[in-house]
Each structure stands twice: as structure tokens, then as C-alpha cells.
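Here are a few worked exercises to go through with the model open in your viewer. Try each task yourself, then read the solution.

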Amino acid sequence: MAGRQRRVSIRSVNVTVEMAKDKAYKQLYSELVSWIRKATAKAEVTGALSHEEGAFEIHCEGRVIFSKLARHGFPVLNEVAQVVRCISESKPWEEITKINRAKCRCGHEDCMCGISIMVTKATCPCECDGECPGA
Ligand SMILES: [Zn+2]
Ligand SMILES: [Zn+2]
């Protein structure tokens with residue numbers, strides 16, 4: 001009998017991201033989608049507008065992976081992608097509680113300095129209004 005290879009069975013999973021309506025959130029979302037695609041072949045990612053200001057709420061298979069409204073900051077996108085991968089491989093995972101600190105350290109929870117490679121200082125939704133210190 002031919003040697004059997006141990007394979008990880010990958011199931012398809014649904015990821016939804018409810019986000020605030022600002023353009024920057026949409027850009028961050030598209031970055032997140034590419035991280036998830038790199039990590040998992042079988043993830044279906046859907047974005048939806050949230051009525052809540054500052055929302056960036058990520059669910060997978062109906063469970064919360066990360067909530068910006070609860071954590072007051074953005075996640076590390078690659079960490080989100082790794083959690084989605086764990087779920088698709090039926091491995092244990094936990095909700096992400098760590099937040100990604102903005103490079104400029106202005107302290108605003110909406111600041112995307114250094115968090116998104118696509119969001120520029122001018123479109124960063126943070127209260128510094130394009131004047132983040134040291135960004
Ligand atoms: Zn900033
Ligand atoms: Zn700022």
C-alpha cells in the first residue's frame with residue numbers, strides 16, 4: 001500500500017468585515033483581503049458598511065475575530081490572516097486582543113500611520129487631520 005500523506009484539511013470559511021464609511025477604512029480592508037488570500041486559499045471575504053463611526057469589526061464563521069470598537073485600535077493585519085487560516089484548518093484560535101500601535105504614536109484610535117501601506121497622511125482618518133506628529 002502506498003504511503004499515505006498526512007494532509008491538513010482546509011475548509012472554506014466566511015469572513016465579514018463591518019467598517020466605517022471613510023475611504024481609508026476601505027483601503028485598509030482591501031489590504032486585509034490580500035493578507036487573508038495569501039494565508040488561506042479558501043476564505044470568502046465580504047466587506048459591509050457599518051453605521052458606527054470607527055468600526056472595523058471582523059467576523060469569521062459568525063464569531064468575532066477582532067473588534068476595533070472593543071479594542072480601540074486596529075489589528076495587525078497579518079495576525080488576522082493567521083487566525084482565519086487556523087479556522088480554515090480547524091485549529092484552535094482566539095479572538096485577537098492586541099492592537100497595532102500607530103507609528104506616529106499620536107494616540108488616536110483611528111490613526112493608520114504605519115498600519116496601512118495604502119493610507120496616506122492626508123487620508124488618515126485620525127483627529128490629527130494630516131498633521132500627525134512624527135509620522
Ligand atoms: Zn498618525
Ligand atoms: Zn494622528
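## Warm-up: the whole chain

Of the chain's 135 residues, 32% count as buried. Keep in mind that this is a predicted model.

**Exercise 1.** Work out how many helices and strands the chain has, and in which pattern they follow one another.

*Solution.*
- Start with the tally: three helices and four strands make up the secondary structure.
- Next, read along the sequence, which gives the pattern β-α-β-β-β-α-α.
- For the overall dimensions, take the principal axes of the C-alpha trace: the spans are about 65 × 30 × 20 Å.
- Finally, look at contacts with a separation of 6 or more: 62% of them join residues 24 or more positions apart.

## The sheet and its helices

**Exercise 2.** Find the strand order of the sheet and say which strands are at the edges.

*Solution.*
- Begin with strand E1 (residues 13-19) and strand E2 (residues 43-49), which pair in the parallel sense over seven bridges.
- Check the register with two pairs: Val 17 stands opposite Gly 47 in E2, and Met 19 stands opposite Leu 49 in E2.
- Now extend to the full sheet, which is open, has four strands in the order E2-E1-E3-E4, and shows mixed pairing.
- The edges are then E2 and strand E4 (63-67), each of which pairs on one side only.
- As for twist, neighbouring strands are turned by 20° against each other on average, with direction ignored.

**Exercise 3.** Place helices H1 and H3 relative to the sheet.

*Solution.*
- H1 packs on the sheet and touches E1, E2 and strand E3 (56-60). Its direction makes about 165° with that of E1.
- H1 itself covers residues 23-39, and together with E1 and E2 it makes a right-handed β-α-β unit.
- H3 (residues 77-88) lies across E1, E2, E3 and E4, running at about 150° to E1.

## The core

**Exercise 4.** Which residues of the largest nonpolar core touch the most other members, and which element gives the most to it?

*Solution.*
- The core holds 34 residues, and those touching the most other members are Val 15, Val 80, Val 84, Cys 111, Met 112, Cys 113 and Cys 124.
- Then sort by element: E1, H1, E2, E3, E4 and H3 each supply at least two residues.
- H3 gives the most, with six residues.
- Zoom in on Cys 111: leaving out residues up to four places away in sequence, Cys 111 touches Ala 102, Cys 104, Cys 106, Cys 124, Cys 126, Cys 128 and Cys 132.

## Spots to check

**Exercise 5.** Where do Glu 61 and Asp 129 lie, and what is the sign of phi in each?

*Solution.*
- Glu 61 lies in the loop between E3 and E4. Its phi is near 50°, a positive value in a residue other than glycine.
- Asp 129 is in the segment after H3, and its phi is also positive, at about 55°, although Asp 129 is not a glycine.
- For exposure, count C-beta neighbours inside 10 Å: Glu 61 has 14, so it counts as partly exposed. Asp 129 counts as exposed because it has 10.

**Exercise 6.** Is Val 8 buried or exposed?

*Solution.*
- Locate Val 8 in the segment before E1.
- Count C-beta neighbours inside 10 Å: there are 9.
- The cut-off for exposed is 12 or fewer, so Val 8 counts as exposed.
- As a distance check, the C-alpha atoms of Val 8 and Ala 41 are separated by 13 Å, with their positions 33 residues apart along the chain.

Definitions and conventions
Residues are numbered from 1 along each chain as its sequence is written. Chains are lettered from A and ligands numbered from 1 in the order in which they are written. This is a predicted model: local features need pLDDT of at least 70, side-chain atom pairs count only at pLDDT 80 or more; totals for chains, interfaces and linings use all residues. Two strands pair if DSSP finds at least two bridges between them. A crossover is right-handed if, with the strands pointing away from the viewer, the path from the first strand over the helix to the second runs clockwise. Axes are lines fitted to C-alpha atoms, for helices over the stretch in contact, and angles run from 0 to 180 degrees between N-to-C directions. Two residues are in contact if their C-beta atoms, placed from the backbone, lie within 7 Å. A residue is buried if 20 or more other C-beta atoms lie within 10 Å of its own, exposed if 12 or fewer, and partly exposed in between; C-beta atoms are placed from the backbone. A nonpolar core is a set of buried Ala, Val, Leu, Ile, Met, Phe, Trp, Tyr and Cys residues joined through C-beta atoms within 7 Å.
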